[in-house]
Amino acid sequence: FGVIFAGAQKNVGCAGVTVVIVREDLLGFALKECPVVMDYKTQAANGSLYNTPPCYSIYIMGLVLEWIKNNGGAAAMDKLSLIKSRMIYDIIDKSNGFYVLPDRKWVVLNEAYPYIYPHVRILTSIGLLKEYFPGGSNSILVALVACRIKVSVRDNFGCPVEKKNRSRMNVPFRIGSIKGDEALEKKFLEKAVELNMISLKGHRSVGGIRASLYNAVTVEDVQKLATFMRSFMQMHQS
């Protein structure tokens with residue numbers, strides 16, 4: 001790789017720090033519009049200390065990386081993420097439409113909107129990308145995500161994202177119908193809280209349910225969610 005760019009929040013630490021690894025021969029090619037603080041050559045020349053770094057976030061990231069290393073490293077995290085995500089996707093796939101994820105735009109927004117949209121807005125505001133995306137920032141957002149995620153909309157229910165491209169970290173879905181039954185989803189979230197399962201509500205821009213399966217979430221935690229999803233479906237599926 002020439003550049004590895006990783007947002008640390010949730011899986012490698014708390015918000016406020018980004019991991020960037022750049023091959024040295026790629027330094028020094030920043031566009032004139034690039035702020036100096038975001039120029040990798042400047043950061044490399046100053047030992048990543050050109051500006052005051054987020055010390056606490058870096059400290060937490062160090063602790064998390066140590067924890068990952070002591071628990072089998074990236075290979076172990078990869079294996080666990082596959083096990084955890086399969087538990088939830090299997091229930092969705094076999095629910096006969098009770099748990100659904102039918103809309104491509106909804107999938108894209110719930111998975112990527114919170115992370116990509118703010119950056120797209122910045123690029124648009126300074127005039128970059130406009131000539132390529134005359135439709136504005138929303139068209140840029142969809143184009144960026146579409147380049148990364150292949151989506152099939154042939155299914156009327158279930159999860160339309162091709163299995164090989166499904167996110168292992170966030171599993172967004174609706175309950176009861178293609179557009180979601182808000183009353184049913186409210187009951188689901190309320191009951192989940194009673195069982196000490198929180199933050200399952202989907203992103204505020206699109207609603208629904210979103211199960212986040214980050215590294216700190218254990219297999220036992222996901223088994224508990226899977227058991228609840230099955231029992232809730234049995235209770236409310238007509």
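Good morning. The chain before you has seven helices and five strands. Please bear in mind throughout that this is a predicted model. Read along the sequence, the elements follow the pattern β-β-α-α-α-β-α-α-β-α-β-α.

I begin with the chain as a whole. Of its 238 residues, 35% are buried. The chain exposes about 15,100 Å², and carbon and sulfur atoms supply 57% of that area. As for contacts between residues at least 6 apart in sequence, 65% of them join residues at least 24 apart.

Let us start near the beginning of the sequence, with strand E1, which covers residues 3-7. Gly7 belongs to this strand, and with a relative accessible area of 45% it is partly exposed. Gly7 and Thr18 are eleven residues apart along the chain, yet their C-alpha atoms are separated by 4.8 Å. Not counting residues up to four places away in sequence, Gly7 touches Val17 and Thr18.

I turn next to helix H2, residues 55-70. This helix has 16 residues and reaches 23 Å from its first C-alpha to its last, close to the 22 Å expected at 1.5 Å a residue. Which residues of H2 are buried? They are Ser57, Ile60, Met61 and Ile68. These residues lie on the same side of H2, because they cover an arc of only 105° around the axis. As a general point, an α-helix has 3.6 residues a turn, so residues three or four places apart point the same way. The face of H2 turned away from the buried side carries the exposed residues Cys55, Tyr56, Tyr59, Lys69 and Asn70. What lies over the buried residues of H2 includes strand E2, residues 18-22, and helix H3, residues 73-93. Just after H2 comes Gly72, which takes a positive phi of about 105°.

That brings us to helix H3. Its 21 residues should span 30 Å at 1.5 Å a residue, and its end C-alpha atoms are indeed 30 Å apart. The buried residues of H3 include Gly73, Met77, Ser81, Lys84 and Ile88. What do the buried residues of H3 pack against? They pack against H2, strand E3 at residues 99-100, E4 and H7.

We now come to the nonpolar core. The largest such core has 27 residues, and those with the most contacts inside it are Ile88, Tyr99, Phe173, Ile175, Phe188, Leu200 and Met229. Two or more residues are given to this core by each of H3, E4, helix H6 (182-194), strand E5 (209-212) and helix H7 (219-236). Which element supplies the largest share of this core? It is H7, with eight residues. Met229 offers a good view of the packing: leaving aside neighbours within four places in sequence, Met229 is in contact with Ile88, Ile91, Ile92, Tyr99, Phe173 and Phe188.

A second residue to consider is Leu184, in helix H6. Leu184 is buried, with a relative accessible area of 12%. Apart from neighbours within four places in sequence, Leu184 is in contact with Phe98, Ile175, Gly176, Phe232 and His236. The C-alpha atoms of Leu184 and Arg174 are separated by 9.6 Å, the two residues being ten apart along the chain.

The loops deserve some attention as well. Arg166 is found in the loop between helix H5, residues 137-148, and strand E4, residues 170-175. Is Arg166 buried or exposed? Its relative accessible area is 13%, and the cut-off for buried is under 20%, so Arg166 counts as buried. The side chain of Arg166 is joined to that of Asp93 by a polar contact of 3.0 Å.

Finally, consider the loop between H6 and E5, where we find both Asn196 and Ser199. Most residues other than glycine have a negative phi. Asn196, although not a glycine, has a positive phi of about 65°. Ser199 is not a glycine either, and its phi is positive at about 60°. Asn196 is exposed, with a relative accessible area of 65%. Ser199 also counts as exposed, at 63% relative accessibility.

To close, I return to the core: its largest share, eight residues, comes from H7, and Met229 is among the residues with the most contacts inside it. Thank you for your attention.

Key:
Residues numbered from 1 in each chain as written. Predicted model: local features only at pLDDT ≥ 70, side-chain atom pairs only at ≥ 80, totals over all residues. Heavy atoms only, no water. Helix = DSSP H or I, 4+ residues; strand = E, 2+ residues; numbered from the N terminus. Expected span 1.5 Å × (residues − 1). Buried < 20%, exposed > 50% of the residue type's maximum accessible area, 1.4 Å probe, protein only. Arc of directions from axis to C-beta. Contact = heavy atoms within 4.5 Å. Polar contact = N/O pair within 3.5 Å; in protein donor to acceptor, adjacent residues only side chain to side chain. Areas by Shrake-Rupley, 256 points an atom, 1.4 Å probe, with all protein chains shown as cover. Core = buried A, V, L, I, M, F, W, Y, C linked by side-chain atoms within 4.5 Å.
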